[in-house]
Structure formats: C-alpha cells, structure tokens
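Let's take a friendly walk through this structure together. Keep the picture open as you read, and look for each part as it comes up.

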Amino acid sequence: MSLALSGIGVSRGVAIGKAHVIMRGSIDVAECSLPGDLIEDEISRFLNAVETARQQLESIRQRIPKDTRADIAAFIDTHLLMLDDATLVTTPVETIREYHCNAEWALKLQRDAVVAVFEQMDDAYLRTRRDDVDHVINRIQRLLLDTGQGETHVDAGTPENAIVLTDDLTPAETVLLEHQGVIAFATEYGGPLSHTAILARSIQIPAIVGARGIQHYIREGETIILDGLQGLLIVAPDETTLAYYLEKQKKEQQRSSELATIAEKPAVTLDDIPITLMANIELPDDIEAVSRENASGVGLYRTEFLYMNRSTPPDEEEQYERYMAVIDALKGKPLTIRTLDMGADKEVDSSTSRRCSNPALGLRAIRLCLKNLSLFRPQLRAILRASVHGPVRMMIPMLSNTQELQQVLTLIEETRNSLLRNNLAYSPDIMIGAMIEVPAAALSAADFIRQLDFLSIGTNDLIQYTLAIDRIDDEVNYLYDPLHPAVLKLIKMVIDAGKSAGVPVDMCGEMAGDPRFTRLLLGMGLSEFSMHPRALQEIKQVINSSSIAQLTPLVDELLHHTTPDRIPASVDMLNSLD
Ligand code: PEP
Ligand code: MG
C-alpha cells in the first residue's frame with residue numbers, strides 16, 4: 001500500500017527512484033576523566049582526527065568537477081577554514097589539558113559554546129551557519145569515536161538513481177550528490193534557508209527538508225516519488241499515482257527547456273503592460289546570473305555578505321571598491337544596495353553582542369546601524385560615493401517607524417555634507433527607499449512614502465512578523481502562509497499607497513520569485529518584482545501569459561469577498577486561467 005509523507009519542498013522537480021536511507025542518528029558523547037600521563041596522547045588523538053577530517057574534505061574538494069560554480073565549492077572551503085580556526089582546534093586542546101577530559105567531551109563543550117553564539121544571531125541566513133559548525137564537528141566526532149563514519153555515507157557507495165533520505169546533509173555531501181547519480185534528496189531537519197536547501201536550488205536537484213520520520217517509514221530500496229514543489233514523498237506508489245507523476249515529470253522537463261528559450265524576451269503582459277523583473281544578489285557569482293537571465297537590474301543587493309567570515313567589518317574604501325565592481329558588471333543597469341541587515345553578531349562589532357531572548361525582534365538591521373554609527377557611516381559614505389558611477393538606489397531594511405526613517409535621512413544628509421567637505425563626489429539623484437517588512441511599516445506605508453523615492457516589500461520578514469512564526473524553524477513552517485488574508489491586506493495597502501503617491505513599489509521577498517503568486521500579485525497591482533536570478537524566466541513566462549485587465553477584478557473579488565479558507569483555491573483558479 002502506498003504511503004505519503006510530507007516536508008518542506010525547497011527545490012522543485014519530480015524524481016522517481018529507489019530510496020537510499022542513511023541512518024546516522026545523533027552522536028552520543030560521554031565525559032571521561034583521564035590520568036595525567038595520558039593527556040598528551042589524547043591531544044595527539046584529537047589532532048589526528050582533525051587532520052583526517054581535513055584530508056577527507058580536501059579529497060572531496062578535489063573531486064568537485066571543474067565546472068562547479070565557485071560559490072558552491074566555497075561551501076567546502078568554509079568547512080576547511082573551520083578546521084584551521086583556533087575556536088574549533090586550539091580551545092578543545094586547552095580543555096583536554098586543563099580538565100583532563102577526553103577529546104570528544106572537549107569538542108562537545110566547544111561546540112555547545114559556539115552554537116550558543118549562533119543561536120543569538122537574529123539574521124536568518126547567519127543562524128543557518130550553525131549547521132556548518134555542526135557538520136564539521138560531527139565529522140571529527142565520528143573519527144574520534146571510530147564509528148567508521150568519518151567519511152560520509154553519501155560519499156561511500158551511494159547507488160545510481162538513488163533518492164537519498166537522511167537526517168541532514170552537509171554542504172560537501174550535497175555538492176557531490178548529483179555527481180554520484182543521486183537524483184533527489186529529503187532530510188529530516190533543516191529549513192528552506194539552510195545551506196543545503198540553497199545548494200539544492202543552485203544545482204537544481206529536487207529536494208525536501210524537515211520531513212520528519214522518513215528514515216523510519218521508508219525502507220532501503222523502496223520505490224519512491226519525491227515532489228520537490230509540493231514537499232511530498234510517496235512510498236510504493238500504485239500504478240495510477242506512478243503514471244500521474246511520470247506525466248508531471250515530463251511536463252517539468254518540457255517546462256525547463258521552454259524557459260531557456262525566453263531569456264531574451266521582455267516581460268510584458270497579454271494586454272501590453274511591461275513588468276520590471278530584477279534580481280536579488282548576494283554572492284559574487286550572482287552578478288553574472290543577472291545578465292545571463294536578462295534581469296533589468298538588481299532590486300536587492302544583500303550587503304551583509306561582505307561582512308561575513310571576518311573579524312573586522314569592511315572599511316569605507318573596501319565597500320566602495322566592491323560596489324564599484326558590481327556597478328561595472330551591471331553595465332548601466334540599476335543597482336539597489338540594501339544597507340546592512342545584520343543582527344547582534346560579535347564578529348561585526350563586539351559592543352553589539354548581547355543576550356537577546358528574541359533575536360528577530362531585537363537589535364537587527366537598521367536598528368543595529370543606528371546604534372552603531374561607526375559601522376553605518378562608512379557604508380553610507382561608500383554607497384553615496386559609488387552612486388556617481390551608475391544608477392544606484394539605497395534601500396533601508398526593517399524600518400518600523402517614521403522617526404527611524406527621519407534619523408536615517410538626517411544621517412544621509414550629514415554624510416553628503418561631509419563628502420562635500422572632503423571633496424568627494426556623490427550623485428544628488430540617488431534614490432532612497434525603504435523595505436517594508438514589519439507590519440507597522442506596511443500599515444504606515446503612506447507616511448513613509450512621503451519622504452522616499454521607492455518602497456520594496458520584503459515578504460520573508462513581513463510574513464514572519466505578521467504571523468509570529470520564525471521563518472527558519474521547520475516546526476512552525478506549516479504556519480508560514482503567504483496567502484493569509486492579513487498578509488495579503490498588508491501587501492495590498494503598500495502597493496496602493498505607492499500608487500496614490502506616484503512612488504514605485506516593488507517586491508523583493510521570496511513571494512516575488514514564486515510563480516504560484518505571480519498572477520495574484522499582478523492582479524493586486526504589483527509591476528516590479530525582484531527575485532533569485534534562477535526564478536526569473538519562470539516568472540516571466542507567467543507574466544507573458546497573463547492579462548492584468550482580466551486579473552484585476554478577480555483578485556479584487558478574492559481580496560474582499562473570499563473566505564480565508566477559499567483563498568488558496570481562488571489563487572489556483574487564477575493560475576489555471578488560459
Ligand atoms: C525579506 O525579508 O523579504 C527580504 C527580502 O529580506 P531578507 O530575506 O534578506 O531578510
Ligand atoms: Mg528581510
């Protein structure tokens with residue numbers, strides 16, 4: 001009898017194959033007290049395990065095919081760098097020496113201390129870096145415990161055409177999956193913003209995360225279907241189900257080849273309304289994707305990536321150079337630079353690090369910048385100076401009231417004056433905008449807009465804050481609902497406020513790059529979308545087959561008269577219109 005299990009679909013596509021279950025379980029570490037004369041041997045045992053872990057990672061690194069994108073290979077470099085880091089190596093050695101404990105215990109103590117720091121960070125992306133620490137430490141722990149699992153199971157003899165089912169995957173394992181003939185994977189843990197999920201989308205392999213129980217309900221070698229869009233796993237499908245998914249798979253393949261053919265086409269609705277499609281960028285490789293996918297510019301440049309993996313923040317000059325490089329690469333296309341959206345991270349400025357029981361509601365983004373002007377001013381100067389060299393827009397994240405906005409505008413004015421005094425040029429025409437990602441800001445959009453040149457709706461945070469659910473917690477992910485009537489009302493208010501004031505409003509949250517919502521958003525009046533570059537052609541395809549005149553009254557009806565539980569069905573109806 002067939003069985004269906006669900007998780008969070010993080011990379012679309014249908015895979016039909018045989019289950020390859022990798023049971024790893026958690027690593028139990030006990031504390032042992034060692035006699036003084038064994039301490040040096042214990043330290044050598046620890047350092048040998050670290051060295052073997054390094055050799056394993058280097059060997060994986062070498063086996064990554066040459067044409068693998070640089071940012072994907074960089075995930076493994078990050079793990080290799082961690083093995084050079086005193087935090088993970090020197091401190092456990094000191095602990096063994098001081099407390100006469102076993103290496104596994106010393107490493108566990110250090111892991112708990114490092115993870116505690118990550119737990120305090122209020123930036124969703126950075127918090128997922130905690131997984132990297134765990135992956136590296138688990139590798140060393142397995143070697144110490146001599147479970148024979150230091151080398152990953154995935155790496156050792158994964159059958160061809162397998163669908164891997166496991167607790168979690170390291171980025172290193174994820175990169176190697178497709179080169180071992182693995183056609184899809186599902187993990188028990190992890191959220192849609194984890195590295196593993198990001199990589200799955202990058203290498204375009206269907207994937208599900210947060211699928212609890214899969215290792216127990218699915219046996220090795222069983223036939224399974226994995227639907228990465230719906231987040232569904234079907235075990236031992238009957239003939240009808242199999243036929244349905246084979247057809248779906250064929251359609252998916254047709255869809256990918258069709259999409260590649262429309263990259264050069266403009267995004268225009270059936271009733272001739274041009275729609276702006278921009279790209280969200282983070283890593284250097286994304287810039288190349290902006291021109292490959294023919295985006296009309298960058299709607300969101302997440303600058304926090306410049307501040308990561310270093311002990312001091314980049315200075316004004318370094319930021320200026322980086323922005324200039326992006327401006328050059330964009331060849332006249334607009335670049336929206338978002339000011340630093342980071343939380344209480346001691347690596348940026350130790351004075352900001354503090355315990356915070358609810359980091360997403362704490363000192364993050366613009367709040368952090370306004371408290372740390374020595375951090376914020378160099379960025380403002382660098383953005384203003386870069387604006388001379390191309391069409392730059394400056395975007396402020398997470399504003400929640402107009403006083404904050406006023407403070408930012410005053411600071412920008414002061415920065416302009418100080419540049420003048422230093423004989424440094426800036427463009428007087430730089431557009432200044434705000435991200436609307438806090439419900440209070442959405443409700444006050446009309447007040448914000450009076451002082452701004454554009455607004456950008458950040459649905460990732462707007463949904464998190466409206467519905468009070470942590471966007472990276474897979475346990476509450478079922479409540480993360482972009483179609484909640486409250487979320488739709490807020491989005492509509494912001495779009496309408498922009499229209500009344502004649503100020504452009506775009507959307508740069510994940511909703512803008514999800515084709516399920518494109519027609520709904522068009523019907524709500526949105527005409528500028530910014531998304532991961534890979535999503536662009538798919539969204540364009542929906543736009544080019546939609547008529548705004550047809551959608552507007554239907555969406556109006558949906559927003560005003562549809563009962564909440566009927567909204568998903570009404571959105572499906574919009575999506576099925578010819
Ligand atoms: C958002 O919140 O929608 C957004 C685009 O910003 P980030 O995902 O970087 O928080
Ligand atoms: Mg945000």
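What follows visits some packed helices and then a metal site.

Please keep in mind that this is a predicted model. Two packed helices are described by the angle between their axes and the distance between the axes. Begin with helix α4, residues 103-120, and helix α6, residues 129-145, which pack at an angle of about 175° with their axes 10 Å apart. Angles over 145 degrees count as roughly antiparallel, so α4 is roughly antiparallel to α6. On the α4 side, the residues making the contact include Leu-107, Val-114 and Phe-118, while α6 brings, among others, Val-133, Ile-137 and Leu-144. Sorted by class, the residues of this contact are ten nonpolar, one polar and seven charged.

Now find helix α3, residues 90-99, whose axis comes within 9 Å of that of α4, crossing at roughly 125°. That angle makes α3 oblique to α4, and the crossing is right-handed. Here Thr-91, Pro-92, Thr-95 and Ile-96 of α3 meet Ala-103, Ala-106, Leu-107, Leu-109 and Gln-110 of α4. This contact has six nonpolar, three polar and no charged residues.

Next, turn to the magnesium ion, ligand 2. Which residues are its protein donors? They are Glu-437, through OE, and Asp-461, through OD, lying 2.0 to 2.2 Å from the ion. The pair links distant parts of the chain, 24 residues apart: Glu-437 sits in the loop between β13 and α16, and Asp-461 in helix α18. Are these donors buried or exposed? Glu-437 is buried because its relative accessible area is 2%, and Asp-461 is buried because its value is 3%.

Notes. Residues are numbered from 1 along each chain as its sequence is written. Chains are lettered from A and ligands numbered from 1 in the order in which they are written. This is a predicted model: local features need pLDDT of at least 70, side-chain atom pairs count only at pLDDT 80 or more; totals for chains, interfaces and linings use all residues. Side-chain values use heavy atoms; hydrogens and water are left out. Axes are lines fitted to C-alpha atoms, for helices over the stretch in contact, and angles run from 0 to 180 degrees between N-to-C directions. Helices (H or I, at least four residues) and strands (E, at least two) are DSSP runs, numbered from the N terminus. Angles under 35 degrees count as roughly parallel, over 145 as roughly antiparallel, 65 to 115 as roughly perpendicular and the rest as oblique. Contact means heavy atoms within 4.5 Å. Ala, Val, Leu, Ile, Met, Phe, Trp, Tyr, Cys and Pro count as nonpolar, Asp, Glu, Lys and Arg as charged, and the others, Gly among them, as polar. A crossing is left-handed if the near helix is turned anticlockwise from the far one by less than a right angle, and right-handed if clockwise. Donors are N, O and S atoms within 2.8 Å of the metal (3.2 Å for Na, K and Ca); water is not among the atoms, so sites may look incomplete. Buried means under 20% relative accessible area, exposed over 50%, partly exposed in between (1.4 Å probe, protein chains only).
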